[in-house]
Amino acid sequence: MEKSELRTGMDSATEFSSVCINTAIYLPWLLGQCLKNGVVVKRGVCKHVNEAADMHHSGQRASIVVNCTGLSSRFLGGVQDQSVYPARGQIVVVRNDPQVMTGTSGTDDGGDEVCYIMQRAAGGGTILGGSFQQHNWESQPDPNLAIRIMKRCVDLCPELTGGKGIEALSVIRHGVGLRPLRDAGPRVERERIGDVEVVHQYGHGGFGYQTSYGSALEAVRLVGQAALAWPPKL
């Protein structure tokens, strides 16, 4: 962008076209695609990853399990990956229309606080963020952080409230998410645990949607490998 287009305090900026997913619509659509293709969905509680093999709808024990348990991979028996930890993200969802999606590379409120504005399609509201607080397990919104988030976003994009400040924001809800980070990055690999072939698929941090298709294709490839290797040679 030209210098004349920059907000006060900015040194440089880039403008580009991208995609913003309304997850409240996208996730049910994905589930519908699974059901359409014959996937049987069941709920259950597993203390050990191998227990999932006994939950197959056929009643027979499965030979392959795909582990997509996110942060729970830190505690799941047979996995217990202590390199997985949360990066806490807090957002404010509002009805206001920003006219543009924008963000900055940093804030003056600390290294674990960020600033971005994303508008979700089909009435999904506008997301004001946020934070990236590593090793923070708190699941409830912090009111003081919420005020800082709203103030930063309104300062960055006064069009949100027509120059009327954060008091003119129409808040739908406050939200907190714990992103599943991992020291070595995402884990997408095979491992034999007991009598079960396990394909791990977790640790994608805050970029799970962006990497989902590529990671899924790799998981499918690994499942194919595991199927060819079954039954194991004893």
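**Reading a domain interface**

Tutor: The count between domain 1 and domain 2 is two residue pairs in polar contact, both at pLDDT 80 or more, and this is a predicted model.

Student: By class, which residues make up the side of domain 1 that touches domain 2?

Tutor: That side of domain 1 has three nonpolar, seven polar and one charged residues, where Gly is counted among the polar ones.

Student: How many salt bridges does the rule find across the interface of domain 1 and domain 2?

Tutor: A salt bridge calls for a side-chain nitrogen of Lys or Arg within 4 Å of a carboxyl oxygen of Asp or Glu, and across this interface the rule finds zero.

Student: Where do the two domains lie along the chain, and how many residues does each bring to the contact?

Tutor: The domain assignment places domain 1 at 23-83 + 183-229 and domain 2 at 86-181; eleven residues of domain 1 and eight residues of domain 2 take part in the contact.

Student: What area is buried between domain 1 and domain 2, and which three residues of domain 1 supply the most?

Tutor: The buried area is about 760 Å², with carbon and sulfur atoms giving 71% of it, and on the side of domain 1 the residues Thr23, Leu71 and Gly205 supply 52% of what that domain buries against domain 2, more than any other three residues.

Student: Is Ala24 buried or exposed?

Tutor: A residue is called exposed when its relative accessible area is over 50%, and because Ala24 has 57%, Ala24 is exposed. Ala24 belongs to helix 1, residues 23-36, and its C-alpha atom is separated by 9.5 Å from that of Arg120, 96 residues apart along the chain.

Methods
Residues are numbered from 1 along each chain as its sequence is written. This is a predicted model: local features need pLDDT of at least 70, side-chain atom pairs count only at pLDDT 80 or more; totals for chains, interfaces and linings use all residues. Side-chain values use heavy atoms; hydrogens and water are left out. Domain bounds come from an automatic or database domain assignment. Contact means heavy atoms within 4.5 Å. Buried area is the accessible area (1.4 Å probe) that two parts lose on being put together, summed over both. A polar contact is a pair of N or O atoms within 3.5 Å; within protein, one must be able to donate a hydrogen and the other to accept it, and residues adjacent in sequence count only if both atoms are side-chain atoms. Helices (H or I, at least four residues) and strands (E, at least two) are DSSP runs, numbered from the N terminus. Buried means under 20% relative accessible area, exposed over 50%, partly exposed in between (1.4 Å probe, protein chains only).
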